[in-house]
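Here are a few exercises to try with the model open beside you. Have a go at each task before reading its solution.

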Amino acid sequence: PKVVAIISIVWGAIGLICNGAGVVGVLMTPQMMQMASAEMEGGVPPQMTQVNMAFAGLAAVSILLSLGLIIAGIMTVNRKPSGRTLHLLVAVATLLLMAVSLPLQWSNMTAIGEWVRDNPDADFSQNYSPTGNLIGMSTGVVLGGAWPVFILIWFGALKKRPEQDAPEVI
């Protein structure tokens, strides 16, 4: 469990950095897109010029889950049985968060795609790539879901009893 715990700590730290940048991006991108819209012929989709509070909230919850993963990793390194429980809670919460965020992202991508179809001559439409969005979303599902699924298997199916994580007494 020590290796799993260390990977959790590292993955949680990466999550803190990336999700922190995500919150900043969700809050700052609309301002930048408003400025860019003035420079671009035809403008940009309105979804890109408004702060999406649902996305900001999801990113903020992701920060908390990353912090939870770090704490779970530290507890597991220290052979605390509650590290297993916290790992399982964080894994389930992460997968639930993904289940909530994916439809929101899909809806946003669809709305932007409709705007692009309705405004084919806009500069933004000329450079828009729905394929790139799908690749990004798919990559996010794989990277974001792999560790929680592993944790559910490792601590849920393989390590069912907390005492399996306790140090052996010789």
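Contact here means heavy atoms within 4.5 Å. Keep in mind that this is a predicted model.

**Exercise 1.** Work out where T49 is placed, whether T49 is buried or exposed, and which residues T49 touches.

*Solution.* Start with the place: T49 sits in the loop between helix 1 and helix 2. Next, check accessibility. The relative accessible area of T49 is 18%, and buried means under 20%, so T49 counts as buried. Now look for contacts, skipping residues up to four places away in sequence: T49 touches P30, M33, Q34 and V44. Finally, follow the side chain of T49, which reaches the backbone oxygen of P46 at 3.0 Å.

**Exercise 2.** Walk along helix 2 and describe its length, what caps its N-terminal end, and what R79 does just after it.

*Solution.* Count first: helix 2 has 25 residues. From first C-alpha to last, helix 2 reaches 36 Å, close to the 36 Å expected at 1.5 Å a residue. Then go to the N-terminal end of helix 2, which N52 caps, with a side-chain oxygen 3.0 Å from the backbone nitrogen of A54. Now jump past the other end. R79, in the loop between helix 2 and helix 3, has a positive phi of about 60 degrees although it is not a glycine. As for accessibility, R79 comes in at 33%; partly exposed runs between the 20% and 50% cut-offs, so R79 is partly exposed.

**Exercise 3.** Describe the largest pocket: how much space it holds, which elements line it, and what kinds of residues make up the lining.

*Solution.* Begin with volume: about 1,600 Å³ of space lies in the largest pocket. Its lining has 47 residues, and the closest to the pocket's centre are N19, S62, S101, Q105 and G140. Going element by element, those giving two or more residues to the lining are helix 1 (2-39), helix 2 (53-77), helix 3 (82-118) and helix 5 (130-158). Helix 3 gives the most, with twelve residues. Sort the lining by type and you get 26 nonpolar, 21 polar and no charged residues.

**Exercise 4.** Take S62, one of the residues closest to the centre of the largest pocket, and find its element, its accessibility and its contacts.

*Solution.* S62 belongs to helix 2. Its relative accessible area is 15%, and the cut-off for buried is under 20%, so S62 is buried. Leaving aside neighbours within four places in sequence, S62 is in contact with N19 and L97. N19 should look familiar: N19 is also among the residues closest to the centre of the largest pocket.

How values were computed: Residues are numbered from 1 along each chain as its sequence is written. This is a predicted model: local features need pLDDT of at least 70, side-chain atom pairs count only at pLDDT 80 or more; totals for chains, interfaces and linings use all residues. Side-chain values use heavy atoms; hydrogens and water are left out. On a 1 Å grid over the protein atoms alone, a cavity is a set of points where a 1.4 Å probe fits but cannot get out, and a pocket is an open set with protein on both sides within 12 Å along at least five of seven lines; lining residues have an atom within 4 Å of a point. Grid points are joined across faces, edges and corners, and a volume is the space filled by probe spheres set on the points. Helices (H or I, at least four residues) and strands (E, at least two) are DSSP runs, numbered from the N terminus. Ala, Val, Leu, Ile, Met, Phe, Trp, Tyr, Cys and Pro count as nonpolar, Asp, Glu, Lys and Arg as charged, and the others, Gly among them, as polar. Buried means under 20% relative accessible area, exposed over 50%, partly exposed in between (1.4 Å probe, protein chains only). A polar contact is a pair of N or O atoms within 3.5 Å; within protein, one must be able to donate a hydrogen and the other to accept it, and residues adjacent in sequence count only if both atoms are side-chain atoms. The expected span of a helix is 1.5 Å times one less than its number of residues.
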